[in-house]
Amino acid sequence: MRRAMADRRNGEQAPPTETTVRGEDWYQRELVDERHARVEFLDIDMSEIATQNTVFTECAFRNVTFSQSTHTNTGFLNCTFVACQFFETTFTTCKLTGTMFDRCTFTLLRATGGDWSFVGLPGADLRGTTFTGLRMREADLTFARCQKATFHDVDLSGAWLSKADFTNADLRGSDISALDPLTTRITRTIIDANQAIVLATSLGVQVLDG
């Protein structure tokens, strides 16, 4: 019997997969210009894998290890990751729109450029991760633990940030218009002057020059 996949926002189920790759060793494999659609990857070692110009569409990854893997111009479109490991994983100009993460680990993950809009990371442990210059519009970061994380020049417009913890995080240059300081923890969070005005305005504080 197929195990239930993680729910999307609004209770939507992930797309069903049609084929399964189980228990294989993909260690240090290089995937260039490949296409995978509606495939379930189960108990796979993808440590140090390198993908480039590859697209995974509506795939499911369960108990897959991505430690020290690198992904460049790769798409994970409307995919599901369950109990996967992303230790020192690097994403460069990748597209992860609509992708859902459930019970994954993200130690020292780095993402630069690309589009992570509508990504689901509710309750994710993102402590110490780095996101730079990418879109995370309407991303679900509810209850996410983002202490000491870096979000530089990230478009977080419309993101779900309720109960997220950005203690000691660095948010400089990011769009934080969706951040409500009454429901999101921002103790010792680093922001720039423009962001300070945004937060003050959200609290109903009038900022005057001079």
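Modeller: Strands in this predicted model are DSSP runs of E, at least two residues long and numbered from the N terminus. With that in hand, Arg-103 can be placed in the loop between S12 and S13.

Colleague: What makes Arg-103 count as exposed?

Modeller: Its relative accessible area is 61%. The label needs over 50%, so Arg-103 qualifies as exposed. Arg-103 still touches Val-82, Ala-83 and Cys-84, leaving aside residues up to four places away in sequence.

Colleague: How do you know that Asp-102 and Arg-103 form a salt bridge?

Modeller: Their closest N and O atoms are 3.5 Å apart. The cut-off is 4 Å between a side-chain nitrogen of Lys or Arg and a carboxyl oxygen of Asp or Glu, so this pair meets it. Asp-102 itself is partly exposed, at 22% relative accessibility.

Colleague: And why is the link between the side chains of Arg-103 and Asp-102 also called a polar contact?

Modeller: The side chains are joined at 3.5 Å, and the limit is within 3.5 Å. Residues adjacent in sequence count only if both atoms are side-chain atoms. The contact joins two side chains, so the label holds.

Colleague: Let's turn to Thr-54. Why is Thr-54 called buried?

Modeller: Buried means under 20% relative accessible area; Thr-54 has 0%, so the term applies. Thr-54 lies in the loop between strand S5 (50-52) and strand S6 (55-57).

Colleague: Which backbone atoms does the side chain of Thr-54 reach?

Modeller: There are two to look at here: the backbone oxygen of Leu-31, at 3.1 Å, and the backbone nitrogen of Asp-33, at 3.4 Å. Both distances are within 3.5 Å, so they pass the distance test for a polar contact. Beyond residues up to four places away in sequence, Thr-54 touches a set of residues that includes Val-32, His-36, Asn-73 and Gly-75.

Colleague: What makes the pair Asp-125 and Arg-145 a salt bridge?

Modeller: The N to O distance is 3.9 Å, and the rule asks for within 4 Å, so the pair is accepted. Asp-125 sits in the loop between strand S13 (110-115) and strand S14 (130-132), and Arg-145 in the loop between S14 and strand S15 (150-152), so the salt bridge ties together parts 20 residues apart in sequence. Asp-125 has 22% relative accessible area and Arg-145 has 37%. Partly exposed is the range between 20% and 50%, so both residues carry that label.

Colleague: How far apart are the closest N and O atoms of Arg-137 and Asp-155?

Modeller: They are 2.5 Å apart, and the two residues form a salt bridge. Arg-137 belongs to the loop between S14 and S15 and Asp-155 to the loop between S15 and helix H1 (193-202), so this pair ties together parts 18 residues apart in sequence.

Colleague: Are Arg-137 and Asp-155 buried, partly exposed or exposed?

Modeller: Arg-137, at 41%, counts as partly exposed. Asp-155 has 17%, and under 20% means buried, so that is its label. By the salt-bridge rule the count comes to nine, and Glu-18, Arg-38 and Glu-58 are linked in a network of such bridges.

Colleague: Now the strands. How do you know that S7 and S10 pair?

Modeller: Strand S7 (residues 60-62) and strand S10 (residues 80-82) share three bridges in the parallel sense. A pair needs at least two, so they qualify. Arg-62 stands opposite Val-82 in S10. Likewise, strand S8 (residues 70-72) and strand S11 (residues 90-95) run parallel, joined by three bridges, with Thr-72 opposite Thr-92. S11 and S13 run parallel too, with five bridges.

Colleague: What is the order of the five strands in the open sheet?

Modeller: The order is S1-S4-S7-S10-S12, with parallel pairing. Strand S1 (19-22) and strand S12 (100-102) are the edge strands, each pairing on one side only. From one strand to the next, the twist averages 10°.

Colleague: Finally, how confident is the predictor, by pLDDT?

Modeller: The protein chain averages a pLDDT of 92, and 91% of the residues score at least 70. Over residues 1-6, however, the pLDDT is below 50; this stretch has 17 contacts in the model beyond near neighbours in sequence.

Definitions and conventions
Residues numbered from 1 in each chain as written. Predicted model: local features only at pLDDT ≥ 70, side-chain atom pairs only at ≥ 80, totals over all residues. Heavy atoms only, no water. Helix = DSSP H or I, 4+ residues; strand = E, 2+ residues; numbered from the N terminus. Axes fitted to C-alpha atoms, helices over the stretch in contact; angles between N-to-C directions. Buried < 20%, exposed > 50% of the residue type's maximum accessible area, 1.4 Å probe, protein only. Polar contact = N/O pair within 3.5 Å; in protein donor to acceptor, adjacent residues only side chain to side chain. Contact = heavy atoms within 4.5 Å. pLDDT = per-residue confidence, 0-100.
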